[in-house]
Amino acid sequence: MMGNSKDPSGKLVFDDPFNLPGDLQALGDGLWDAYVTRAGTSTARGLIPPGQLRDGIVFRETDTGLIYLRHAGDWSLVGGRTPVAIMRRTNAALTLGNNTYGDISATAAWTSTYDGTRGFGTYSNGLPVTVPGEYEVFWSMWLNASAGGLVGIGVNQTGTPGGNALHAIDHVTFRTIALGNASARVRLAAADKLTLWGYGEGGAHAVRGATSLEPMHWGARWIAP
């Protein structure tokens, strides 16, 4: 018998004189069984020959930090440096719509923080999505007003959408101060664009600027394929 037995962990054990070609084939079969993780650039992942692709392979992209799993004949993102963006309020003037939903995603009003807009496209009056999947979208808002309003996050919205077209929609409620926050899960496709919308009840209420102590922000993070 050629020395191609396996130990309890599945590793090949050659415990007798090497025999060609049988032992080389056993070695090749063992490498095939064990070779389930590959690494390279995102371009290299797309250049793997079809004969080397099989379900269960994991590929770690060295240029993006993303980790993909081969499943059902396709690649699915499963981890690594997955997309996240937190946009902080600047001092640029910003107001909710006056009894209508207004787009409050203006580039001048928001700046990225922490790891920037990791995994998203360049912020341009909204967040461009590059990686499909399920995301958590979120916002936190304070107003310079003695009244409240509504805020929500739109996907590919333009014009004046209704509240039923927005995600994570909730009140900015006035008590002693006018504040609110919300989050929701939403499935996004590559090339979708996220925008932030605000409805001022009884007026176009101003959103506080960055000189205030309150940490106003909005954004999104990838959570699942």
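This report covers salt bridges, aromatic pairs, a nonpolar surface patch and the surroundings of Val84 in a predicted model.

## Salt bridges

The model contains four salt bridges. One of them joins Arg45 and Glu61, with 2.7 Å between the closest N and O atoms. Arg45 belongs to helix 2 (residues 42–45) and Glu61 to strand 4, so this bridge ties together parts of the chain that are 16 residues apart in sequence. Arg45 and Glu61 are both buried. Arg45 has a further partner in Tyr68: the charged end of the arginine sits over the tyrosine ring, 3.8 Å from the ring centre.

A salt bridge also forms between the side chains of Glu134 and Arg185, at 3.8 Å from N to O. Glu134 is in strand 12 (residues 133–144) and Arg185 is in strand 15 (residues 178–188), so the two tie together parts 51 residues apart in sequence. Glu134 has a relative accessibility of 22% and therefore counts as partly exposed, while Arg185, at 62%, counts as exposed.

Strand 12 takes part in another bridge through Glu136, which is paired with Arg221 of strand 18, so that parts 85 residues apart in sequence are tied together. The closest N and O atoms of Arg221 and Glu136 are 2.7 Å apart. Arg221 counts as partly exposed because its relative accessibility is 38%. Through shared partners, salt bridges join Glu134, Arg185 and Arg187 into one network.

## Aromatic pairs

There are four aromatic pairs in the structure. Among them is the pair of Phe59 and Trp75, an edge-to-face arrangement with 6.1 Å between the ring centres and 70° between the planes. This pair links distant parts of the chain, since Phe59 is in strand 4 (residues 58–61) and Trp75 is in strand 6 (residues 74–80), 16 residues apart. Phe59 and Trp75 are buried.

Tyr123 and Trp218 make up another pair; their ring centres are 6.4 Å apart and their planes lie at 70°, so this pair is edge-to-face. Tyr123 is located in the loop between strand 10 (110–118) and strand 11 (127–128), and Trp218 is in strand 18 (residues 217–224), so the contact ties together parts 95 residues apart in sequence. Both rings belong to buried residues, Tyr123 and Trp218.

## Surroundings of Val84

Val84 is part of strand 7 (residues 84–89). Its relative accessible area is 22%, so Val84 is partly exposed. When neighbours within four places in sequence are left aside, the contacts of Val84 are Gly116, Thr117, Arg118, Phe120, Ala220 and Arg221. Arg221 in this list is the residue that forms the salt bridge with Glu136.

Gly119 lies 35 residues from Val84 in sequence, and the C-alpha atoms of the two are 6.5 Å apart in space.

## Nonpolar surface patch

Phe14, Phe18, Leu20, Leu24, Leu27 and Leu31 make a nonpolar patch of about 570 Å² on the surface. One of these residues, Leu31, is placed in helix 1 (residues 22–34). Leu31 has a relative accessibility of 54%, which means that this residue counts as exposed.

Methods. Residues are numbered from 1 along each chain as its sequence is written. This is a predicted model: local features need pLDDT of at least 70, side-chain atom pairs count only at pLDDT 80 or more; totals for chains, interfaces and linings use all residues. Side-chain values use heavy atoms; hydrogens and water are left out. Patches are made of residues with over 30% relative accessible area and no salt bridge: like charges are joined within 9 Å, nonpolar side chains (Val, Leu, Ile, Met, Phe, Trp, Tyr) within 5 Å. Accessible areas come from the Shrake-Rupley method with a 1.4 Å probe; for residues, only the protein chains shown count as cover. Helices (H or I, at least four residues) and strands (E, at least two) are DSSP runs, numbered from the N terminus. Buried means under 20% relative accessible area, exposed over 50%, partly exposed in between (1.4 Å probe, protein chains only). Rings of Phe, Tyr and Trp (its six-membered ring) pair if their centres lie within 6.5 Å; planes under 30 degrees apart count as stacked, over 60 as edge-to-face and the rest as tilted. A charge sits over a ring if NZ of Lys or CZ of Arg is within 6 Å of the ring centre and within 35 degrees of the ring normal. Contact means heavy atoms within 4.5 Å.
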